[in-house]
Amino acid sequence: MSDLYRVLGIGRRATIDRITKAYRKLAMKHHADRNPGDDAAKAQYALVQLAYEVLSDDARRAQYDATGETAAPKVNQTLTEIAQVLSGLFVGIVESIVNQG
């Protein structure tokens, strides 16, 4: 899993205000409305959302800082969705290469 602090581009001592500001900026950048049909942006948006959900919650952030794990059911669902998007993106790239040759 990616380092959630790096996903948001913040340091480990970031305040909730800094976390929220970074999240909003990246969420707008990668939102589906601004990137229609872009599966990579969709995957990045999901990762930014996950980072915000974990780091903006004191208990989840403390657990993440201590163990590197987020340990929430929604996290597993989100990671599965990210994996599916990236898998589809990879398959699409391979198919386009094969079809060109």
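# A tour from R12 to the helices

Select R12 and D65 to begin: these two side chains form a salt bridge whose closest N and O atoms are 3.7 Å apart. R12 lies in the loop between α1 and α2, whereas D65 belongs to helix α4, so the pair ties together parts that are 53 residues apart in sequence. A salt bridge is here a side-chain nitrogen of Lys or Arg within 4 Å of a carboxyl oxygen of Asp or Glu. The helices named on this tour (H or I, at least four residues), like any strands (E, at least two), are DSSP runs numbered from the N terminus.

The model is predicted, so local features need pLDDT of at least 70 and side-chain atom pairs count only at pLDDT 80 or more, while totals for chains, interfaces and linings use all residues. Residues are numbered from 1 along each chain as its sequence is written, and side-chain values use heavy atoms, with hydrogens and water left out.

**The salt-bridge network**

Keep R12 selected and add D3. R12 also forms a salt bridge with D3, with 2.6 Å between the closest N and O atoms. D3, R12 and D65 are thereby linked in a network of salt bridges, and the structure holds 2 salt bridges.

Next, colour these residues by accessibility. Buried means under 20% relative accessible area, exposed means over 50%, and partly exposed lies in between (1.4 Å probe, protein chains only). R12 counts as partly exposed at 48% relative accessibility. D3 is partly exposed at 23%, and D65 is partly exposed with a relative accessible area of 40%.

**R61 in helix α4**

Now select R61, which has its place in helix α4. Which side chain of opposite charge is nearest to R61? It is D65, at 4.1 Å; R61 is buried yet has no salt bridge. Charge is assigned by residue type: Lys and Arg count as positive and Asp and Glu as negative, with His and the chain ends not counted.

Display the surroundings of R61, taking contact to mean heavy atoms within 4.5 Å. With its neighbours within four places in sequence left aside, R61 is in contact with Y5, R12, R13, A14, I19, V54 and L55.

**The aromatic pairs**

Display the tyrosine rings. Rings of Phe, Tyr and Trp (its six-membered ring) pair if their centres lie within 6.5 Å; planes under 30 degrees apart count as stacked, over 60 as edge-to-face and the rest as tilted. By this rule there are 2 aromatic pairs.

Y5 and Y64 make up a tilted pair, with 6.1 Å from centre to centre and 45 degrees between the planes. This pair links distant parts of the chain: Y5 is in helix α1 (residues 4-8) and Y64 in helix α4 (residues 58-67), 59 residues apart. Y5 counts as buried at 1% relative accessibility, and Y64 is buried with a relative accessible area of 6%.

Move on to Y23 and Y52, a stacked aromatic pair at 4.2 Å centre to centre, with 20 degrees between the planes. Because Y23 lies in helix α2 (residues 16-30) and Y52 in helix α3 (residues 39-55), the pair ties together parts that are 29 residues apart in sequence. Y23 counts as buried at 15% relative accessibility, whereas Y52 counts as partly exposed at 21%.

**K29 and R34**

Select K29, also in helix α2. Is K29 buried or exposed? At 53% relative accessibility, K29 counts as exposed. From K29 to Y45 the distance is 8.4 Å, C-alpha to C-alpha, and the two are 16 residues apart in sequence.

Then select R34 in the loop between α2 and α3. R34 is exposed, with a relative accessible area of 55%. A distance drawn between the C-alpha atoms of R34 and Y5 reads 24 Å, for residues 29 apart along the chain.

**The whole chain**

Finally, show the full protein chain, which has 5 helices and 0 strands. Along the principal axes, its C-alpha atoms fill a box of roughly 50 × 25 × 20 Å. Of the 101 residues, 33% count as buried. Among contacts between residues at least 6 apart in sequence, 57% join residues at least 24 apart.
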